[in-house]
Amino acid sequence: MKYREDGFRSFDRSYVAVPVTEKLRKIIHAFHGAKEAEYILTYGYIDHEAGMTLEVLAAAARTGKGFRFWDQNNEITVKIRIGSIADLECYYLDDDEGQLYGWYKEKVDDLFVYDVNDDVLQSRQMDFLDEFRQPEYPDDVQVCLLKKDCGVEGCWVRIEGLDEENHRFLGTLLNEPTQKLGCHAGDRISFFFYEVEKNQHFLCADLDEDGTVTPAEREDMTLEEAIQVFHEDSSRENGFRVLRVLAYSTVLIPCDATFSDVDMMSLWNLLKTKEKDLEGETIESQDNIHLTPKILHRDGESFIPIFSSTEAMKDYGKTASILEKPFMEVLSMVQHSSKKLAGIVVNPFTQSFLVPMELIGEEGEE
C-alpha cells in the first residue's frame, strides 16, 4: 500500500513496514541491524499538529512471505513524517493476536501523549471531509471564509471539536487571511458543510454571523518589542512570549529563485537585446518559479533566516526573492526541508531570536 493512494486511515494505529531508502537508513543508524535492514517496522499515529507520523520500532527484512525483526532500541525515539515516504510501497502487518504489541508495548503506549478528544477522533472517520483535508495533516481542512463585501478566501483550519447541536465544526485558523476579515491566525472559528450541487461541496465559515469567530489571546506587543524584552531578560517566560507573538506573525523569507530553461532563455534574449538598459522591463514567466529559502550558516550550523520587516533584512534581501508567509507555514517548510537545519533565526542582523529544531520537530528526528 502507498500513503498517497490509500490515505491516512490505512496507516493510523497500524503496524507498517516501510522500505529503507538512503535517507531512512541514516536515521535508523542507532538501531540493531540498520546496515542490513531492507525495511523499517513502524507504528502509525496522527500528531494533531505535525500530521501523520510513523514511530520507528525496529529494523526489519523480508523472509519469504513474512518479516524478521532485529532487536528494538528503547533508548532513542525516531519519527518519520509521512511526506517523506508517501510514494513508497509499504506493507500493513496484521496484529490481531497482539504479538507485535507485546514486543513493542513500551513505545506504542508512550504515544498516548498524542491522543485527541473524542470530537476530533470522530471527525477523522468522516469521509466526506476527505476532499478538504491536507493529505499529510488529516485534522487540517480547507475552509472558505465568507464576509460581506470581501472575496471568498480559502484558509486552512485545524479541527478541534464538533458543535453537533448546530451541525458545525470548531477549529483553529492556521493561516493569516490576506483580506481584512476580522479574524486572524490562531483564532477559533466555526464552520459548516455546504452542498451547492450533488458533486459540488464546500466547508464554509460565515464571518458575518455572530459567534463564528472567537479571538485568540495575543500578546499586546510587536515581534521586535517581544524580542527586545527577551534580550533584556532572557527568562523562560520572555522566551515563550516571543514564540506566542511569532505564532500570529507574518514574516519575510529571503529565497533563491530557480527559473525554468524557457524563462532563462527569455531573460538571456532580453539581456542581448537591451544589454544593460533593463530598467522598466518585465518578463512574463512561462513556467513555475521554484523558490527555495536561503540558508544562513553560523558556527558550523545551518539556519533558515526570517525577518519581521524589510528594514531588519538590511542588505541581505537585495539579492533575494522575498516570500511573505505566516510563521506557522514556515514551520512546515522547515520540517520538510531536505537540509540539515539547526533551526530558524529571526532577524539575525539586528536583535535576533533563535527557534531551535528541538522546538520545531523534524522528519526522522532522533
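This is a short tour of a predicted model, going from the whole chain to its cores, a helix pair and one loop residue.

**Whole chain**

Start with the full protein chain, coloured by secondary structure. It has 10 helices and 20 strands. Of its 366 residues, 45% are buried. If you display contacts with a separation of 6 or more, 63% of them join residues 24 or more positions apart.

**Largest nonpolar core**

Next, select Phe11, Ile80 and Ile85, the residues with the most contacts inside the largest nonpolar core. That core has 28 residues. Now add the elements that each supply at least two residues to this core: strand S1 (15-19), helix H2 (22-27), strand S2 (39-47) and strand S3 (51-63). Which of these gives the most to the core? Strand S3 does, with 5 residues.

**Second core**

Clear the selection and pick Ala226, Ile253, Ile306 and Ile344. These four are included in a second core, which is separate and has 23 residues. Keep Ala226 on screen, as this residue of H5 also appears in the contact with H6.

**Helices H5 and H6**

Select residues 223-232 for helix H5 and residues 236-247 for helix H6. Two packed helices are described by the angle between their axes and by the distance between those axes. For H5 and H6 the angle is about 165°, and the axes are 9 Å apart. An angle over 145 degrees counts as roughly antiparallel, so H5 is roughly antiparallel to H6. The crossing of H5 past H6 is left-handed.

Show side chains at the contact:

- From H5, display Leu223, Ala226, Ile227, Val229 and Phe230.
- From H6, display Asn238, Gly239, Arg241, Val242, Val245 and Leu246.

Colouring these by class gives 8 nonpolar, 2 polar and 1 charged residues for the contact of H5 with H6.

**Leu174**

Finally, centre on Leu174, in the loop between strand S10 (168-173) and strand S11 (188-197). Is Leu174 buried or exposed? The relative accessible area of Leu174 is 14%, and buried means under 20%, so Leu174 counts as buried.

To see what surrounds Leu174, leave out residues up to four places away in sequence; Leu174 then touches Asp140, Trp156, Val157, Arg158, Ala185 and Met328. Draw a distance from Leu174 to Met328 to end the tour: the two are 154 residues apart in sequence, yet 7.1 Å apart in space, C-alpha to C-alpha.

Key: Residues are numbered from 1 along each chain as its sequence is written. This is a predicted model: local features need pLDDT of at least 70, side-chain atom pairs count only at pLDDT 80 or more; totals for chains, interfaces and linings use all residues. Side-chain values use heavy atoms; hydrogens and water are left out. A nonpolar core is a set of buried Ala, Val, Leu, Ile, Met, Phe, Trp, Tyr and Cys residues joined through side-chain atoms within 4.5 Å. Buried means under 20% relative accessible area, exposed over 50%, partly exposed in between (1.4 Å probe, protein chains only). Helices (H or I, at least four residues) and strands (E, at least two) are DSSP runs, numbered from the N terminus. Axes are lines fitted to C-alpha atoms, for helices over the stretch in contact, and angles run from 0 to 180 degrees between N-to-C directions. Angles under 35 degrees count as roughly parallel, over 145 as roughly antiparallel, 65 to 115 as roughly perpendicular and the rest as oblique. A crossing is left-handed if the near helix is turned anticlockwise from the far one by less than a right angle, and right-handed if clockwise. Contact means heavy atoms within 4.5 Å. Ala, Val, Leu, Ile, Met, Phe, Trp, Tyr, Cys and Pro count as nonpolar, Asp, Glu, Lys and Arg as charged, and the others, Gly among them, as polar.
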